[in-house]
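Me: I should like to understand the reasoning behind the terms applied to this structure. Please take them one at a time.

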Amino acid sequence: MSNLDPAPTEATCGGRSDVATAPVRELLIGRDVVLGGPRGLTVTRTLPHRDRRMVGAWCFVDHYGPEDIGSGGPGGMRVPPHPHIGLQTVSWLVRGEVLHRDSLGSEQLIRPGQLNLMTAGVGISHAEESPADRTPILHGAQLWVALPAGERAVAPAFAHHGDLPVVARDGLTVTVLMGTLEDATSPARTYTPLVGAEVLIGGDGGTLALRPDFEYAVLAFEDGPVVDGEPVPAGGLVYLGTGRTELPLTGAGRTLVLGGEPFEEQIVMWWNFVGRSHDDIVAARADWEAGRGFGTVTGFDGAPLHAPELPTTPLKPRGRTR
């Protein structure tokens, strides 16, 4: 998925010095962003946030729906071909379907319970849209993972994981998207120590075992989940810091648990690019506008996106929080 903001602000992240070194509880409420123009799909963006830019290597979180997009014809998600560098895109659905196409020639429909994972590396382009033959409700999340410096120029890749590990115990059903949680490990490739898992809370809830060296956050897909004793509204992201060995989840509803070893590097994130300097972003933008380095997406009925104009002041890597 693209950041379709026509005038994206610099999202600057990284640096270990101001990472919380003990458990905290910070509720982050996102802002609404419309994808694809004024009549496009509205998403709630909680990362990057004005108060916290990253959770481990997770650097971008969009939650969308549930939204009635009809059972056919126009509407729903429609994100034209656009570029990425230096990151992985992670697509997860609760309801509905999304069709992915990329410049490697991949064409993959994703449904609930499946993972689409695209590694941009040195450069890739892709498009996403709701298929014409679709169910009427769309609900899901799109996330980015920043690649570390030593891996950010890897060859681009795409993987679809239709069979992910599931652990059910007490009142929790855990599906592991990436990394390891509750002794279950996803087949998805990661480049830094991290975890992403959908946790469905039912009954009296339960407790997740955590790594104290990871920082964690929990996204609520709907009203009802109670995280560490506090309710989290639909679309809200509660940041939990480091130093936890367990996390109580009660109430009822579906959540996304994100965690990882605090990302020590400073990064510059602008539009759909993750780099380390202003020059990285300038070069990537110039390559995209010149039609080089990102390949071509075939099968999408529409023109690629143009990159927005760069800001007049240089982009600078900064700390994880303002």
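The exchange below sets computed values against the cut-offs that give each term its meaning.

Me: What kind of model is this, and how many helices and strands are there in the chain?

Reply: The model is predicted. The chain contains one helix and 27 strands. Of its 322 residues, 56% count as buried, and its accessible surface comes to about 12600 Å², with 49% of that belonging to carbon and sulfur atoms. Among contacts between residues at least 6 apart in sequence, 74% join residues at least 24 apart.

Me: Why is Ser 91 called buried?

Reply: Buried means under 20% relative accessible area. Ser 91 has a relative accessibility of 8%, and therefore counts as buried. This residue lies in strand β7, which runs over residues 87-95.

Me: How do you know that the side chain of Ser 91 makes a polar contact with the side chain of Gln 142?

Reply: A polar contact requires a pair of N or O atoms within 3.5 Å, one able to donate a hydrogen and the other to accept it. The distance from the side chain of Ser 91 to that of Gln 142 is 2.7 Å, and the pair is a polar contact. The side chain of Glu 128 also makes a polar contact with the side chain of Ser 91, at 3.4 Å. Leaving aside residues up to four places away in sequence, Ser 91 touches several others, including Ile 110, Gln 114, Leu 115 and Asn 116.

Me: What makes Trp 58 a buried residue?

Reply: The cut-off for buried is under 20%. The relative accessible area of Trp 58 is 0%, so the residue is buried. Trp 58 is found in strand β5, residues 58-68. Among the residues that Trp 58 touches are Leu 47, Val 90, Trp 144, Met 178 and Leu 258. A polar atom of the Trp 58 side chain lies 3.2 Å from the backbone oxygen of Val 195, and the backbone oxygen of Gly 259 likewise lies 3.2 Å from a polar atom of that side chain. In sequence Trp 58 and Phe 263 are 205 residues apart, yet their C-alpha atoms are 8.9 Å apart in space.

Me: How do you know that the buried residues of α1 are on the same side of the helix?

Reply: The buried residues of α1 are Ile 281, Ala 284, Arg 285 and Trp 288. They lie on the same side of α1 because they cover an arc of only 100 degrees around the axis. An α-helix has 3.6 residues a turn, so residues three or four places apart point the same way. The buried residues of α1 pack against β6 (78-84), β11 (124-129), β26 (266-270) and β27 (273-275).

Me: What span is expected for helix α1, and what does the model give?

Reply: Helix α1 covers residues 278-290, 13 in number, and at 1.5 Å a residue the expected span is 18 Å. From first C-alpha to last, the helix reaches 18 Å, close to that expectation. Just after α1, Gly 291 takes a positive phi of about 75 degrees.

Me: How do you know that β21 and β24 pair?

Reply: Two strands pair if there are at least two bridges between them. Strands β21 (residues 225-227) and β24 (residues 246-251) have three bridges, in the antiparallel sense, and are paired. Val 226 has Thr 250 in β24 as its bridge partner.

Me: What makes β19 and β22 the edge strands of their open sheet?

Reply: The four strands follow the order β19-β24-β21-β22, with antiparallel pairing. Strands β19 (206-209) and β22 (230-231) each pair on one side only, and are the edge strands.

Note on methods
Residues are numbered from 1 along each chain as its sequence is written. This is a predicted model: local features need pLDDT of at least 70, side-chain atom pairs count only at pLDDT 80 or more; totals for chains, interfaces and linings use all residues. Side-chain values use heavy atoms; hydrogens and water are left out. Helices (H or I, at least four residues) and strands (E, at least two) are DSSP runs, numbered from the N terminus. Buried means under 20% relative accessible area, exposed over 50%, partly exposed in between (1.4 Å probe, protein chains only). Contact means heavy atoms within 4.5 Å. The expected span of a helix is 1.5 Å times one less than its number of residues. The arc is that of the directions from the helix axis to the C-beta atoms. Accessible areas come from the Shrake-Rupley method with a 1.4 Å probe; for residues, only the protein chains shown count as cover.
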